Amino acid sequence: MPATHMLLLACLAWGTGARTAQLRKANDRSGRCQYTFSVASPSESSCPEQGQAMSAIQDLQRDSSTQRADLQSTIARLSSLENLLNQLTLGQAAGPQGTQEGLQGELGTLRKERDQLETQTRELEVAYSNLLRDKSALEDERRRLAQENEDLARRLERSSQEVASLRRGRCPQTPATPREVQPDSREAPQWNLDTLAFQELKSELTKVPASQILESPSGRPRSDDNGCGELVWVGEPVTLRTAETITGKYGVWMRDPRPAFPYTRETTWRIDTVGTDIHQVFEYSLISQFVQGYPSKVHVLPRALESTGAVVYGGSLYFQGAKSRTVIRYELNTEAVKAEKDIPGAGYHGQFPYSWGGYTDIDLAVDETGLWVIYSTEEAKGAIVLSKLNPESLELEQTWETNIRKQSVANAFIICGTLYTVSSYSSAEATVNFAYDTGTGVSKTLTIPFKNRYKYSSMIDYNPLERKLFAWDNFNMVTYDIKLSKM
């Protein structure tokens, strides 16, 4: 046994209560060095008798086992201390400062790795939570769309049945095979359903003086024809629909005042114009679909649209191309561009907008007389300029320059050849404040109350077929009834 271990045993014996201990070293008979370690019993004054020997031996064995376990533990600790001492000795040979720095560096690296692992764990937990939430949202959306599709299918089926019933009730049945009518025959020919509108119109013809069917010098129809007059009253706004997302903060919605097949006076179009790349036009076959938010078709324009100045007229969508002074005619049924025309000198992309902004430099309008464009030029120094457009070719037929500064008004519309402007887009109690008559070239001030219920009107247009104003007010699509005086 090494001397160090013997010393350790002596220390242990001393710690257990023995106060007398002897260590003797002598050579044995074979000449080997032998250590003899003697410890007096702390609890026995003399050795036990023969009968007590087994009990004492068992006690000694138990004490020996306990001491052996303690000894082994102490030896292990001693070995660890010796290894540490060797490492420290080697470290001192290489430089104590270098060893300390190396250990600190390794410790720092381990801490960084631990922090990275903790961060990655947290990120994975967040990502997993987000995926679960998105999955739940998608499942809810799928169920909602499935329900909407079922509802839409039922409504379309009912609508088809109603249309078929109306056709059976209103239109005479055509024969299975056409028959030729002899010139001298008295038999009336069957109705031609393709020209049914003409036949209905022909039955209403009456003789009128020629002076009443002539147009006025400005190209406006006579008031006796369709009740044209001056605007004297605007009613309360009626909300039909509210946009669902931020892209509907402002936009344009419209119906065709001169609908062309396959569209009707109920067909409605809507464009959300928040953003820089506007291509989508939502089409609703029925007013009920528009109110409920179920489009029957989505057009994707071949060129991006800008501003809220678009209109639908005669089956075509007219709009301003993005970042240009170009007006485009897009035929809705064929989904094709039929004409393009630059408006000479017109400001665009924020040069001469209405007071609310929105790149509303070029604003298209429709009234009883046809298609118009409202804009301004450098030559006009920001004043509103009106031009009558040919709806087929987009050629300018006639132009008027007003004395109304375009950026001082919130919006404008045209009724019976007269331009009207609105004072504010955000005031709840705004007014229709100016009128410019293209027939006389005279403008005048007005104070007709106009309510911006939602305090952000970005589009106001007149529909001559319905005799209403259509507006887009802060996500909401609204209409206004109007009254005209007799001219």
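**Close-up views of a predicted model**

Of the 487 residues of the chain in this predicted model, 33% count as buried. The secondary structure comes to 7 helices and 23 strands. Among contacts in the chain with a separation of 6 or more, 50% are between residues 24 or more positions apart.

**View 1. The largest cavity is lined by 13 residues.** The space in the largest cavity is about 100 Å³. Nearest its centre lie Met254, Arg255, Val311, Asp461 and Tyr462. Strands S5 (251–255), S9 (311–313) and S21 (457–463) each supply at least two residues of this lining. The most comes from S21, which gives 4 residues. By class, the lining of the largest cavity holds 10 nonpolar, 1 polar and 2 charged residues. The model has 2 cavities of 30 Å³ or more.

**View 2. The second largest cavity has a volume of about 40 Å³.** Its lining includes Ser307, Thr308 and Gly309. Tyr354, Thr360, Ile362, Asp363 and Asn411 are also among the lining residues, as are Ser458, Met459 and Ile460. S21 gives the most to the lining of this cavity too, with 3 residues. The lining of the second largest cavity divides into 4 nonpolar, 6 polar and 1 charged residues.

**View 3. Strands S5, S6, S7 and S8 form an open sheet of 4 strands.** The strands are ordered S5-S6-S7-S8, and their pairing is antiparallel. S5 and S8 (297–305) each have a single partner strand and stand at the edges, so one side of each is left without a neighbour in the sheet. From one strand to the next, the twist averages 20 degrees. S5, an edge strand of this sheet, also supplies at least two residues of the lining of the largest cavity.

**View 4. Strands S6 and S7 pair over 3 bridges.** S6 covers residues 268–272 and S7 covers residues 278–284, and the two pair in the antiparallel sense. Trp269 has Glu283 in S7 as its bridge partner. In the order of the open sheet, S6 follows S5, and S7 precedes S8.

**View 5. Strand S18 (residues 418–422) is mostly covered.** In S18, 5 of its 5 residues are buried. Thr418, Tyr420 and Val422 point one way from the strand, whereas Leu419 and Thr421 point the other way. Residues on both sides of S18 are thus under 20% relative accessible area, because that is the cut-off for buried.

**View 6. S17 and S18 form a hairpin with 2 residues between the strands.** Strand S17 (residues 411–415) is joined to S18 by 5 bridges, and the two run antiparallel. Asn411 has Val422 in S18 as its bridge partner. Asn411 is also one of the residues that line the second largest cavity, and Val422 is buried. In this hairpin, Cys416 takes a positive phi near 50 degrees.

**View 7. A hairpin through 6 residues joins S18 to S19.** Strand S19 covers residues 429–437, and S18 and S19 pair over 5 bridges in the antiparallel sense. Leu419 stands opposite Tyr436 in S19. Leu419 is one of the buried residues of S18. S18 thus has antiparallel pairing with S17 and with S19.

Technical notes
Residues are numbered from 1 along each chain as its sequence is written. This is a predicted model: local features need pLDDT of at least 70, side-chain atom pairs count only at pLDDT 80 or more; totals for chains, interfaces and linings use all residues. Side-chain values use heavy atoms; hydrogens and water are left out. On a 1 Å grid over the protein atoms alone, a cavity is a set of points where a 1.4 Å probe fits but cannot get out, and a pocket is an open set with protein on both sides within 12 Å along at least five of seven lines; lining residues have an atom within 4 Å of a point. Grid points are joined across faces, edges and corners, and a volume is the space filled by probe spheres set on the points. Ala, Val, Leu, Ile, Met, Phe, Trp, Tyr, Cys and Pro count as nonpolar, Asp, Glu, Lys and Arg as charged, and the others, Gly among them, as polar. Two strands pair if DSSP finds at least two bridges between them. Axes are lines fitted to C-alpha atoms, for helices over the stretch in contact, and angles run from 0 to 180 degrees between N-to-C directions. Buried means under 20% relative accessible area, exposed over 50%, partly exposed in between (1.4 Å probe, protein chains only). Contact means heavy atoms within 4.5 Å.
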